[in-house]
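User: I'm new to this one. Could you take a close look at the ligand and the part of the protein around it?

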Amino acid sequence: MANIIDGKAVSAKVKEQVRIETEALIAKHGIQPGLAVVIVGNDPASRVYVNNKKKACEAVGFKSFEYALPEETTQEELLELVETLNNDKNVNGILVQLPVPKQIDDKAIINAISAEKDVDAFHPENVGRIMIGDYSFLPCTPAGAMELIDSTGVDVAGKNCVVIGRSNIVGKPMAMLLLHRSGTVTICHSRTQNLAEVTRQADILVAAVGKANFVTGDMVKEGAVVIDVGINRLDNGKLCGDVNYAEVEPKASWITPVPGGVGPMTIAMLMRNTLTAAKAQNGIHE
Ligand code: NAD
């Protein structure tokens, strides 16, 4: 039977640490970190994410600025807002909630966000920095997954790590983080052959596929650490991960549930990135 990795508890710890550091930053330097969240259009899921980010900002003591733009916003208008936020000293982090409506090229928007304020770590400069291991921010979801692995006390060095999924926001950076920790890393994707054979080698298995119950018991090695990044909504409205929990839990040594695993970590890491950004922009290194 696996130990369950409690993402709610770990994320609460991270946020509490950020809150304490923020309090000190305000008291000592008079600097209150600020996060600007931009949402374009009316996507209900995006709306929920943006509200959660706003609440998290309040809880840790940040200023939060919300910009809700209409569905028909043009790319030029959005670029103009990003430029204004780049130049606003009260704003330390800028996050444009994706996806954006189709008339807007999300790459152009990501590229326009100042790299120092890119708390999602999607800007090519930050992506490149992650590649060479010289980074200020890590993308929030893989950073959160790594924090959960660390919470188990399992040392990644020398372990076989398998990441299923190669997206720019989860799979690829996750693989890079595991590599920086000296894991032996394999990235699997939709064209991987004999997937189960590969995943059965994993001491640490990270699933970021976007398919409910995709990872079954026969794909997992006895004693593996299993991190489920997937968030899938079933027809009955319930949330479900990429891992078939009932089958995998008895084999794993550690496992993240969905919900309550990686999900809560993403916002906690966003708070940490914003605090890091605020300190760096004010030349504070403590
Ligand atoms: P994506 O669709 O961009 O990437 C999915 C990846 O899965 C692709 O690289 C693809 O090659 C791979 N894949 C698809 N079918 C496969 C198969 N049959 N065998 C092996 N690999 C296969 O998705 P994403 O943005 O990386 O997100 C992945 C999951 O993580 C989704 O469920 C998403 O909702 C979730 N997610 C969660 C958080 C969070 O906060 N916890 C954040 C981002 C994404």
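Analyst: Let's start with the make-up of the shell around the ligand: 10 residues are nonpolar, 10 polar and two charged. In that split, Ala, Val, Leu, Ile, Met, Phe, Trp, Tyr, Cys and Pro count as nonpolar, Asp, Glu, Lys and Arg as charged, and the others, Gly among them, as polar. A quick note before going on: this is a predicted model, where local features need pLDDT of at least 70, side-chain atom pairs count only at pLDDT 80 or more, and totals for chains, interfaces and linings use all residues. Residues are numbered from 1 along each chain as its sequence is written, and side-chain values use heavy atoms, with hydrogens and water left out.

So who sits around the ligand? There are 22 residues, and those that come nearest are Arg 166, Ser 167, Ser 190, Ile 231 and Thr 266; being near takes a heavy atom within 4 Å.

Two of those names turn up again in the polar contacts (pairs of N or O atoms within 3.5 Å). Ser 190 has a polar backbone atom 3.0 Å from an oxygen atom of the ligand, and for Ile 231 a backbone N or O atom also lies 3.0 Å from a ligand oxygen. His 189 adds another, with a polar backbone atom 3.4 Å from a nitrogen atom of the ligand.

How much of the ligand gets covered by the protein? On its own the ligand exposes 860 Å², and the protein buries 73% of that, going by Shrake-Rupley accessible areas with a 1.4 Å probe.

Technical notes:
Polar contact = N/O pair within 3.5 Å; in protein donor to acceptor, adjacent residues only side chain to side chain.
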